[in-house]
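Q: Please take a close look at the helix packing in this model, and follow it through to the surroundings of the ligand. A connected account would be more useful to me than a list.

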Amino acid sequence: MTWLITGGAGYIGAHVVRAMTGAGERTVVYDDLSTGVPDRVPDGVPLVVGSTLDGERVARALRDHEITGVVHLAAKKQVAESLSLPLHYYRENVEGLRVLLDAVTSAGVRSFVLSSSAAVYGMPDVNLVTEETPCAPLSPYGETKLAGEWLVRAAGTATGLSTACLRYFNVAGAARPDLADRGVSNLIPMIFERLADGLPPRVFGDDYPTPDGTCVRDYIHVVDLAEAHVAAAHALASVPGRNLTVNIGRGEGVSVREMIDRVNALTGHDRPPVITARRPGDPARVVASADRAAAELNWKAHLGLDDMITSAWSGRQRTLPDAHRRRTRPGHGDRLRRGRRPGRPFEFGPEGAFSARFPVPGAGGEMCGGGGWDPGEATDDTQMAVLVAESLLECGGLDLPDVFHRFRRWAAADPKDIGLQTEAVLTGGDPWDLAAGLYFQTSQRAAGNGALMRAAPSAVYFAPSGRAATMDAARRLSALTHGDRAAWEGTAILHELIRVALTGADP
Ligand SMILES: O=c1ccn([C@@H]2O[C@H](COP(=O)(O)OP(=O)(O)O[C@H]3O[C@H](CO)[C@H](O)[C@H](O)[C@H]3O)[C@@H](O)[C@H]2O)c(=O)[nH]1
Ligand SMILES: [Mg+2]
C-alpha cells in the first residue's frame, strides 16, 4: 500500500514514516511545514507541502501518488495554546480533518489512522484508563481530538473506510538525535532546560493524591509509538470496515519526581527539584490500560524510561549545542555569514511553504530576502517576538522575568544578528529588572526600534483587555531591553494602534 502521512515532517510523523517504510510500506509526506522540518523527511520519500485545509491540494496528492491509506498526524498540539486560540485549534484539527476526510472518502482510500490523545479523557478517576473510560476533555485541544475521533468513526461507518484512532499517552525520546522533539513544552525537555541553565527542575505541585504527591503519567517512547501505527495499518488492512479506538501507552505510571530523579542520574546532574504551584488543569494520574492494543493490534511497547531520557538528551545536545558550549562570541559579520540553523517555521522554508500556509487570494508572492537574510528567514526581531509569544502562552500571561530569561538565553545562543543595545543589556549579567536601566544610565542612548519590532504578539494577546492593559504591558516589555521612556511610549503607541486595528476600537 501507499500511505500518505500528514504531519510527516514533524517529530512523531518522522518516526512514523521511518517505521512504515521499515515495514515495507510506501510513504508520501504531506505537511504544511508550520512546525515540520523538511530535513526530517527521508530521501526517497516524496514531500508534498500543503495544508489539510486545502482540499484541492489533498485530493491531488491522493491521486498523484495513488494513495491507499492515510495516517493523519498533522495537527496543533499545545494544550495551553489551545486555551487562548480555541478557534484556531478547531479550524486546524477539526476542519482540517473534515476536509481531509472529504477528499479521502471520495478518492477510494481504504484505511485511515488518526493521531488522537489521552487528552480526550481529561481528569480520569481510575487507576488504569481503558478505552471505555468516559471522555471528558479539559481543553480545546482535547476537545478537537475527541471531535476528530467522532468524524473519523462516522465517516468510516458511512463509507466502509477502515479507521483506527490511536490515543497517545505522553510521548518522549527519539530514534536518532536529529529526529528529537524540538519543542520544550513537555516535562522531559523542560527538565533539560532547567538543568542546562543551572537551575533546579520544577515540580508543578506535590500535593496530589499520588504516592509521592506529584503527578503520574504514562510515558511512551516515540519509536514504540511509531510501531503502533504500523500495527494499526496492518490491523486495518487485514479486516476491512474496522473501526478501532486504542490507547497507546505502556501501562506504567511514572511520577514527576521519579522522572526528575532519573534525568538527574542519567545526565550526570545532581539538582533536587523545587516545588512550585500546581499547573491548572493537570490531572493527578493518567496511565493507560494497554490491553486492547495488545489484543487488537498485537502491539506492545518495548522501550523504557531510560531509553526515552537518554535519546531525548542526545537530541538536545545536537540541536542546541551553541547555547551552552560557546562562551566567546564571533563578530557581527561572521554571525551574518553563518549558514543554516534549526529554527522557526519559515526560516529557510522551501519555496511554496509560506503561501501554502497563508494563501492570499490573488497574491502569488513569496517572502523576499535582503540585508543578509534569506527569503522567509526569521530575523532577530521576529525571533524575539516569538519568544514573547511563547512566554505569554506558556506562562498564561505577562511574566517579565520569564521573558527576559528567554531573551537572555536566546542572546547567549549566538543569534545570527542582534541589536547592539539589546546585546549589551542581555549579555551583561545584570538582573532582569535593572539591566536596561543600568545600560541607559551609562550610555544615555536607547533606540526604540528594537522594542517596537517585537510588538505584534503582545499587542494581539492584550488587545481584548483594553487600552490601558495593552499599553502598560507594552511599556514593561519594552523596558526589558530599552531604558529610555521614549522607547516605551513608542512601543505602547504601536501596541495601541494594533489593538485598534484588530478590534475596531476608538483609539
Ligand atoms: O517543568 C515541569 C513540566 C511538567 N511538569 C508536570 O509533568 C507532568 C507532565 O506534563 P507534560 O506537559 O509533559 O504532559 P501532560 O501530561 O500535561 O500533557 C501531555 O499529555 C496530554 C494528554 O493527557 C496531551 O496529549 C498533551 O498534548 C501532552 O503534552 C504534568 O503533571 C506537569 O504538571 C512539571 O511538574 N514540571
Ligand atoms: Mg535588526
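A: Helix 1 (residues 11–22) packs with helix 7 (residues 222–238) at an angle of about 55 degrees, and their axes are 8 Å apart. That angle makes helix 1 oblique to helix 7, because angles under 35 degrees count as roughly parallel and those from 65 to 115 as roughly perpendicular. The crossing of helix 1 and helix 7 is right-handed. The model is predicted, and the values here are to be read on that basis.

Another pair lies further along the chain. Helix 16 (residues 420–427) and helix 17 (residues 435–443) pack with axes 8 Å apart, at an angle of about 120 degrees. Helix 16 and helix 17 are therefore oblique to each other, since the range for roughly perpendicular runs from 65 to 115 degrees and roughly antiparallel needs an angle over 145. Helix 16 crosses helix 17 in the right-handed sense.

The pair that leads to the ligand is helix 6 with helix 8. Helix 6 and helix 8 (residues 256–266) have axes 11 Å apart and pack at an angle of about 50 degrees. This makes helix 6 oblique to helix 8. The crossing of helix 6 and helix 8 is right-handed.

Now the ligand itself. There are 20 residues around ligand 1, and those that come nearest are Ser117, Asn186, Arg202, Arg217 and Asp282. The shell around ligand 1 is made up of eleven nonpolar, four polar and five charged residues.

Several oxygen-to-protein distances can be given for the ligand. An oxygen atom of ligand 1 is 2.8 Å from a polar backbone atom of Leu187. With Arg279, the partner is an N or O atom in the side chain, and the distance from a ligand 1 oxygen is 2.8 Å. Asn170 also has a side-chain N or O atom 2.9 Å from an oxygen atom of ligand 1. On its own, ligand 1 has 690 Å² of accessible area, and the protein covers 89% of this.

Helix 6 (187–196) and strand 8 (202–204) are the elements that give two or more residues to the shell. Strand 8 gives the most, with three residues. Helix 6 thus appears in both parts of this account: helix 6 packs with helix 8, and helix 6 gives two or more residues to the shell around ligand 1.

Methods. Residues are numbered from 1 along each chain as its sequence is written. Chains are lettered from A and ligands numbered from 1 in the order in which they are written. This is a predicted model: local features need pLDDT of at least 70, side-chain atom pairs count only at pLDDT 80 or more; totals for chains, interfaces and linings use all residues. Side-chain values use heavy atoms; hydrogens and water are left out. A residue is near a molecule or strand if one of its heavy atoms lies within 4 Å of it. A polar contact is a pair of N or O atoms within 3.5 Å; within protein, one must be able to donate a hydrogen and the other to accept it, and residues adjacent in sequence count only if both atoms are side-chain atoms. Accessible areas come from the Shrake-Rupley method with a 1.4 Å probe; for residues, only the protein chains shown count as cover. Helices (H or I, at least four residues) and strands (E, at least two) are DSSP runs, numbered from the N terminus. Ala, Val, Leu, Ile, Met, Phe, Trp, Tyr, Cys and Pro count as nonpolar, Asp, Glu, Lys and Arg as charged, and the others, Gly among them, as polar. Axes are lines fitted to C-alpha atoms, for helices over the stretch in contact, and angles run from 0 to 180 degrees between N-to-C directions. A crossing is left-handed if the near helix is turned anticlockwise from the far one by less than a right angle, and right-handed if clockwise.
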